[in-house]
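Work through the exercises below with the model open. Each task is followed by a solution in steps.

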Amino acid sequence: MEKNTVNKNTNDLSKLQLKDVIDIDVLQKFQDNFAEGMDLASVTVDINGEPVTKPSSYTSFCIDYTHSTKIGDDRCAQSHKKGGEEAARTGRPYIYKCHAGLIDFAAPIMVEGIQIGTILGGQILTSKPDEESFRRTAKEIDVNEDKYVEAVNKVKISTERNIEAAAEVLFIVANTLSQVGYQQLKLKTMSSDLVENFSQISATMEELASSAVTITNNQETLNKEIVNVKNISAQINLILDSIKSIADETKMLGLNAAIEAARAGDAGKGFGVVATEIRTLSQNSKETAMQIVKLTSDIQESVQKTLEISDSTMTNTEQQSAAIEETTASVEELLALTNELNALANQK
Amino acid sequence: MEVLLFSLSDEKFCIPLTFVEAIEHTAQITAVPKSQKHIAGLVNIRGNIIPVVDMAKLLNLDKQIHMNKFILINNQKQSIAIIADDVDDVINIDEKDIESIVMDDSKFSLVKYQNIVATLISQYELNKI
């Protein structure tokens, strides 16, 4: 995922690549025009020495001859590498003589003190070429001596001052471009982090909102159940009223039985005992019924309290829902802003 | 002696079982015009027309009664129903639990049973009806 690579690259500067911070097309155009304008060669390489742009205004001497053999090509690579290393060490453009005898320069491209590439250039002379030494080189790298000498005589002769100025310009421009590019990269990372964070917040808000709905639904179910309990309690009380009136009837029956027993005199004594038992039974029934009445009254009280608490919870949940709505609106605004920011950061 | 313990408002009374016939639920009382104050009216109980006596008025009790039960009593002359708020129990009392009190020109008998004091309705009171 591109996003993750961007994060990794900015966090670990050593993994930062030149093409991450500079638009290669823009660099190429600049390089080409500059090389033509100043009449010197130029190319941009990464920290491994691999070219990231196409070479601009390379001399025939270099392309057609020096680079044409393996030995020559390897020597060029070596020479470039050394030049780049020296430039990196000083952090400033470095002007030197290449293995073939031309004047080259290396300008380091730095970001936050770390080198991410080098602009190489030059391929000019500061004085007329010494034919002898060039013939020697031609033999060493195995190219045609005469053609080699012919080519070197076509190489432009310039002053040291010119070369210094050219190297300086390339150095300033490349580093400015990469600095700006790096800032933009950091901005991209931050804004995409923001987008991700806000998306997460949005998702969490949705979850919260839906859980609030669940709570409300549960509350309503709870309220229904509480009403149910109240109804059942009322029914129980009705039944208890029946039991009480049965107990009263039984007592009356018992008393009447006692009266009859008294009237029967001695014959009624046994019956009198039964009558007493009946009265005791009715008294116990009544007492038990009273206990149940007390219990259902306690249940009603407890249920009423539960109802009050659940009402208060409902109020809280409603407030919560309102707060969630407000927060969601704010988050959506922020998300819109962040998306705008992200779009800006990704502009070319 | 066995007595029936009953309540009129918060006052307790007792009447010897020998006078008591039965305990009944209350029924519609038909008022009798120009009758004495303590006669509440007439009632039909199991086909018999019986006068209803308001004991509270008879004993000059200034209390509100609720008329929950009728106690059918027989004072040898006739059956009458007396109104009671609540019929409590049948209890056995000793002669020594009865105290006679004279106030003004009225004679009362009080019965002590456990921690209850009840006015005894004896033949004397019944004769007044």
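**Exercise 1. A hairpin in chain B**

How many bridges join strand S6 of chain B to S7(B), and do these strands run parallel or antiparallel?

Solution. The model is a predicted one, so keep that in mind throughout.
- Step 1. Locate strand S6 at residues 69-74 of chain B. Six bridges join S6(B) to S7(B), and the two run antiparallel.
- Step 2. Pick one pair: B:Ile73 has B:Ile80 in S7(B) as its bridge partner.
- Step 3. Look at the turn. Four residues lie between S6(B) and S7(B), which form a hairpin. In that turn, B:Gln76 has a positive phi of about 70 degrees.

**Exercise 2. The other side of the pairing**

Task: describe how S5(B) is paired, with S7(B) and with S4(B).

Solution.
- Step 1. Take S7(B), residues 79-84. S5(B) and S7(B) pair in the parallel sense over two bridges. B:Val52 has B:Ala81 of S7(B) as its bridge partner.
- Step 2. Turn to strand S4 (residues 39-45) and strand S5 (residues 48-53) of chain B: these run antiparallel and share six bridges. B:Ile39 stands opposite B:Val53.
- Step 3. S4(B) and S5(B) also form a hairpin, with two residues between them. B:Arg46 in this turn has a positive phi of about 45 degrees.
- Step 4. Check the cover on S7(B): five of its six residues are buried.

**Exercise 3. The sheet of chain A**

In what order do the four strands of the chain A sheet lie?

Solution.
- Step 1. List the elements. Chain A has nine helices and four strands. From the N terminus they run α-α-α-β-α-α-β-β-β-α-α-α-α.
- Step 2. Read the sheet. The order is S1-S4-S3-S2, the sheet is open and the pairing is antiparallel.
- Step 3. Find the edges. Strand S1 (41-46) and strand S2 (94-97) of chain A each pair on one side only.
- Step 4. Add the twist. Neighbouring strands are turned by 25 degrees against each other on average, direction ignored.
- Step 5. Count bridges between strand S3 (residues 103-111) and strand S4 (residues 114-124) of chain A: there are nine. A:Val111 stands opposite A:Ile114.
- Step 6. Place the helix. H8 of chain A, residues 160-263, lies across S1, S2, S3 and S4 of that chain. Helix H8 runs at about 20 degrees to S3(A).

**Exercise 4. Burial and contacts in chain A**

What share of the 348 residues in chain A is buried?

Solution.
- Step 1. Buried residues account for 35%.
- Step 2. Consider the surface. The accessible area of chain A is about 20400 Å², with 55% of it on carbon and sulfur atoms.
- Step 3. Consider sequence separation. Of the chain A contacts between residues at least 6 apart in sequence, 66% join residues at least 24 apart.

**Exercise 5. Salt bridges within chain A**

Task: explain what the pair A:Asp146 and A:Arg135 connects.

Solution.
- Step 1. Check the distance. The closest N and O atoms of A:Asp146 and A:Arg135 are 3.0 Å apart, and the cut-off is 4 Å.
- Step 2. Assign elements. A:Asp146 lies in helix H7 (residues 145-152) and A:Arg135 in helix H6 (residues 131-141) of chain A, so the pair ties together parts eleven residues apart in sequence.
- Step 3. Widen the view. A:Glu131, A:Arg135, A:Lys139, A:Glu145 and A:Asp146 are linked in a network of salt bridges.
- Step 4. Assess exposure. A:Asp146 counts as exposed because its relative accessibility is 51%.
- Step 5. Contrast a pair within one helix. A:Arg161 and A:Glu164 form a salt bridge at 3.4 Å. They are three residues apart in helix H8 of chain A, so about one helical turn separates them. A:Arg161 is exposed at 55%, while A:Glu164 is partly exposed at 36%.

**Exercise 6. The interface**

Which residue of chain B forms a salt bridge with A:Arg279?

Solution.
- Step 1. Size the interface. Chain B and chain A bury about 1100 Å² between them, 57% of it on carbon and sulfur atoms. Chain B gives 15 residues to the contact and chain A eleven.
- Step 2. Count salt bridges. The structure holds 19 over all chains; one crosses this interface.
- Step 3. Name the pair. B:Asp89 forms a salt bridge with A:Arg279, the closest N and O atoms being 2.8 Å apart. B:Asp89 lies in strand S8 (residues 86-92) of chain B and A:Arg279 in helix H9 (residues 269-345) of chain A, so the pair joins two chains.
- Step 4. Compare cover. A:Arg279 is buried at 10% relative accessibility. B:Asp89 is partly exposed at 28%.

Conventions:
Residues are numbered from 1 along each chain as its sequence is written. Chains are lettered from A and ligands numbered from 1 in the order in which they are written. This is a predicted model: local features need pLDDT of at least 70, side-chain atom pairs count only at pLDDT 80 or more; totals for chains, interfaces and linings use all residues. Side-chain values use heavy atoms; hydrogens and water are left out. Two strands pair if DSSP finds at least two bridges between them. Axes are lines fitted to C-alpha atoms, for helices over the stretch in contact, and angles run from 0 to 180 degrees between N-to-C directions. Contact means heavy atoms within 4.5 Å. Buried means under 20% relative accessible area, exposed over 50%, partly exposed in between (1.4 Å probe, protein chains only). Accessible areas come from the Shrake-Rupley method with a 1.4 Å probe; for residues, only the protein chains shown count as cover. Buried area is the accessible area (1.4 Å probe) that two parts lose on being put together, summed over both. A salt bridge is a side-chain nitrogen of Lys or Arg within 4 Å of a carboxyl oxygen of Asp or Glu.
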